[in-house]
Amino acid sequence: RSSYLMDIPFITRNDPDLFNNEGEMVRAKRYDFDDNTDDDNLVEGMKKKIPTRVALDAIALAHRIQVDLESVFLDFVKHYQAKTKQKNLCLAGGVALNSVLNGRLSRELGFKKVFIPPYPGDDGIAVGCCAYALFGNQDSDTTSSSTPLWKQPLSPYLGPSYEYQNIQSAIEAAKPWLDVELVTSDERKFGMMSAEIESGGVIAWFQGRSELGPRALGHRSILADPRKKGLVRFINESVKKRESFRPFAPSVLSEEALNWFDLGDDLEDSSVISPYMSMTAQVKEDKRDLIPAVTHVDGSSRLQTVTAENEPSYHSFISTFFERTGVPMVLNTSFNTLPSEPIVETPSNAIRSFLCSMGTIEMLVIGDYVIKRKEPDIKALLGEKKKDGIAIPAMNPIRAGAAQYETKFVVDGDDDVASVTRVSMPDRPMHDERDGGWFELLDDLEGEILGVCNGKVSVNDLMNQYLVAADDDMRVDPEFQENLFGNILRRLIRLYEHSLISW
């Protein structure tokens, strides 16, 4: 039969039923690729729809490519396995990121050990170049008698580390929008984290050096409860703002992995099966209903095995969750919430991504700091707070920094003109420099309010300013005053929530 793929190459265009002209996913329509049959998890007013014909063609093509890749690759490896009699397998190259293929290689070919570095693609070339520069130019006699280059695989955590001062500075820059608690006890901190995700919350964890390679392995991760299936849709659509079918990986205690996953009959050590989230395994049938959020539609799961030796903090946290729930793993996905944003790197990146989640991430843990989003203090803004029985003066809203406005006018087919105003404020914590950090304002009123938030103008001053400009009859109309007050307050709250102002 004919296919849309036979016209314009699929890769060069967007499906108009899924994306708008700017390449952004259309939120007004829904196409479901997952197996979630729970209508309670659907956005209000939306019903499930089958994928479009273009999407179905793409799915069929992707599946065919995957099947062919596995067939050819397994045949190739079998040939050289028989020829060399080797019992261990090491893979490199971008195709070694195909976790489904890696899982079959590990389970089906009888290798004792299968090793895939955390950076098998082009990014890992840098590590190889460094090793060659240090040791590759030694003659063979010297090399054979020297100390082994590495007694164990290099750590994937080769990114920059950030000192206490760096973290504190990033927190201070966003302090008006954050509730921060210093928790130096790991036991208490891991208890707080476990309690949050056990209750259905989503947390973000930033610790130590960042990961080298494409996988988040617990140092720059978003974490959640693998027992709650509804979290798959919630994290994909509300936290990460992407397609609903995207699966999530479990980070599992290595000593418990064999009890939950089919890792093959020839495995000698479960701790080395997938420390870098490189392999997909089948979840044991009697466990699938217990961890639906990390079990894909075919019963598979791309797991990360966590050892106490290599990852003591992450192992301790998962162990705490295990003690509370009887499940020795957590859902793990990369810490990024903005469209096309890479995994966060710096403390400032982490705070920006956390704030941009707009409350869908309940808790951010950076080092020993446990951070939650601060709600706007309306009573402080209106002067309704007291201390020791004495009223505290109202706080005045102030901009986070210098603002640049841009207004464009749009004329429709009926010659009606509409204006859209947006603002860029580089000093606000949620500023994203990749697109200029533009934030679209609701209307002229919101722009005017933002313009006068200099720390000297109160809500009463704003009210008086607009009442003076109103007609005499409206000025004394209680309903008009109430509506005006509500409109001003709602816009102040919105500007605060997007870190454009504080008080």
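Q: What makes strands E17 and E18 a pair?
A: Two strands pair if DSSP finds at least two bridges between them. Strand E17 (residues 417–424) and E18 run antiparallel and are joined by three bridges, so the definition of a pair is met. Opposite Val423 stands Phe439 in E18. Strands (E, at least two residues) and helices (H or I, at least four) are DSSP runs, numbered from the N terminus.

This is a predicted model, in which local features need pLDDT of at least 70, side-chain atom pairs count only at pLDDT 80 or more, and totals for chains, interfaces and linings use all residues. Residues are numbered from 1 along each chain as its sequence is written, and side-chain values use heavy atoms, with hydrogens and water left out.

Q: Which are the edge strands of the open sheet, and what makes them so?
A: The order of the three strands is E16-E17-E18, with antiparallel pairing. Strand E16 (404–411) and strand E18 (438–440) are the edge strands: each pairs on one side only.

Q: How do you know that the length of helix H15 agrees with its number of residues?
A: The expected span is 1.5 Å times one less than the number of residues. For the 20 residues of H15 (residues 478–497) this should be 28 Å, and the end C-alpha atoms are 28 Å apart, so the two agree.

Q: Which residues of H15 are called buried, and what covers them?
A: Buried means under 20% relative accessible area, with exposed over 50% and partly exposed in between (1.4 Å probe, protein chains only). The buried residues are Leu484, Gly486, Ile488, Leu489, Arg491, Leu492, Leu495 and Tyr496. What covers them includes helix H13 (459–469) and strand E19 (501–502).

Conventions
Contact = heavy atoms within 4.5 Å.
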